[in-house]
Amino acid sequence: MTIDKSWTTIRKRGSSSEFWNGLQHFLQMAKPFINDRGFIKCPCRHCLNNASHQLQDLESHIFRNGFMFGYNQWIYHGEPACANAETTVRGPSGGIHEKDEMFDVLDDIISEDADGDAVGGPSSNEQYNDLFAALRSELYPDVSSFSSLNFLVKLMHLKVLNKWTNKSFDELLKLLKLAFPKIDLVESHYEAKKLMTKMGLGYRSIHVCKNDCALFWKENSLKETCPVCSESRWKLQSGKWSGKNVPHKVLRYFPVGPRLKRLFATSKTAKLMQWHSTGKSKDNDVMRHPVNGKSWQEFDKRHP
């Protein structure tokens, strides 16, 4: 019995249901060959069957790095040494993730760091395990239109657009779980935020002086009082120290660098990000966009 291995050569893994289904079939095939310590050889393009990982890490390694070239007979993963039958074995067709847009998002996230990764131990991809679990799981039994991750991202998007409070979001999650007991969803906004942070959507909290004199950041990060006005960093309850450090003000800083990387990691948005260079009007006498202005052109000359 021959095995359909065409999925291993697909380059755009995140947007291909064929790759995902083939990978799931491969993992099911390899599962009985896990050793007594719970590890199995990893055939990703970094490990090359020289390192062993747990099955969940094997999935993220192959999805992230691709399937190694030249490993045509899967002797370490369940294929007989002399497989010669005619039947083609294919992964399960369809599935809940066939059209799930989170494929592309997750592919962009994990491919961004792939070139800098060294071959690691079994925990090298632990940061992505929760994302993979949410991508694999159905939102609700027999509901194929959403994965748990996709639904959560859309829910968080609605929260931002409509300015829901964290408390209202928690109450909505409780209501959904009460109405749909089998729904696969996080318990609170805190858990949702932790998951979003792994997708590069987090922020840094920086304490601010009560009088807006300075930030408690970098060289001031450990100071207890403002370096300008000497005001205490912390609030006092009824003129007394409460025992718990609560800052007067907090600035939420969303780093620009990682967000720019995300925009350039996706082929669609990367094309839009380069439009000011590749799609601008060639008629210098007509200003259709700020890119045609003298200020922009002067900036381009100074920073080619």
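Among contacts between residues at least 6 apart in sequence, 55% join residues at least 24 apart. The model is predicted. The protein has 304 residues, and 35% of them are buried. Its secondary structure comprises 11 helices and seven strands.

**Surface**
- The protein exposes about 19,000 Å².
- Carbon and sulfur atoms supply 54% of that exposed area.

**Cysteines**
- The structure holds zero disulfides.
- Cys-42 is in no disulfide: the nearest cysteine sulfur belongs to Cys-44 and is 3.7 Å away, whereas a disulfide needs the two sulfur atoms within 2.5 Å.
- Cys-42 is buried, because its relative accessible area is 0% and the cut-off for buried is under 20%.
- Cys-226 is also in no disulfide; the nearest cysteine sulfur, on Cys-209, is 3.5 Å away.
- Cys-226 has a relative accessible area of 3%, so this residue counts as buried.

**Helix H1**
- H1 covers residues 17-30, a run of 14 residues.
- At 1.5 Å a residue, H1 should span 20 Å. Its end C-alpha atoms are 20 Å apart, so the expected span and the model agree.
- H1 is mostly covered, with 11 of its 14 residues buried.
- The buried residues of H1 include the aromatic-named positions Phe-19, Trp-20 and Phe-26.
- Leu-23, Leu-27, Met-29 and Ala-30 are among the buried residues of H1 too.
- Ser-17, Asn-21, Gly-22 and Gln-24 are buried in H1 as well.

Terms used. Residues are numbered from 1 along each chain as its sequence is written. This is a predicted model: local features need pLDDT of at least 70, side-chain atom pairs count only at pLDDT 80 or more; totals for chains, interfaces and linings use all residues. Side-chain values use heavy atoms; hydrogens and water are left out. Helices (H or I, at least four residues) and strands (E, at least two) are DSSP runs, numbered from the N terminus. Buried means under 20% relative accessible area, exposed over 50%, partly exposed in between (1.4 Å probe, protein chains only). Contact means heavy atoms within 4.5 Å. Accessible areas come from the Shrake-Rupley method with a 1.4 Å probe; for residues, only the protein chains shown count as cover. The expected span of a helix is 1.5 Å times one less than its number of residues.
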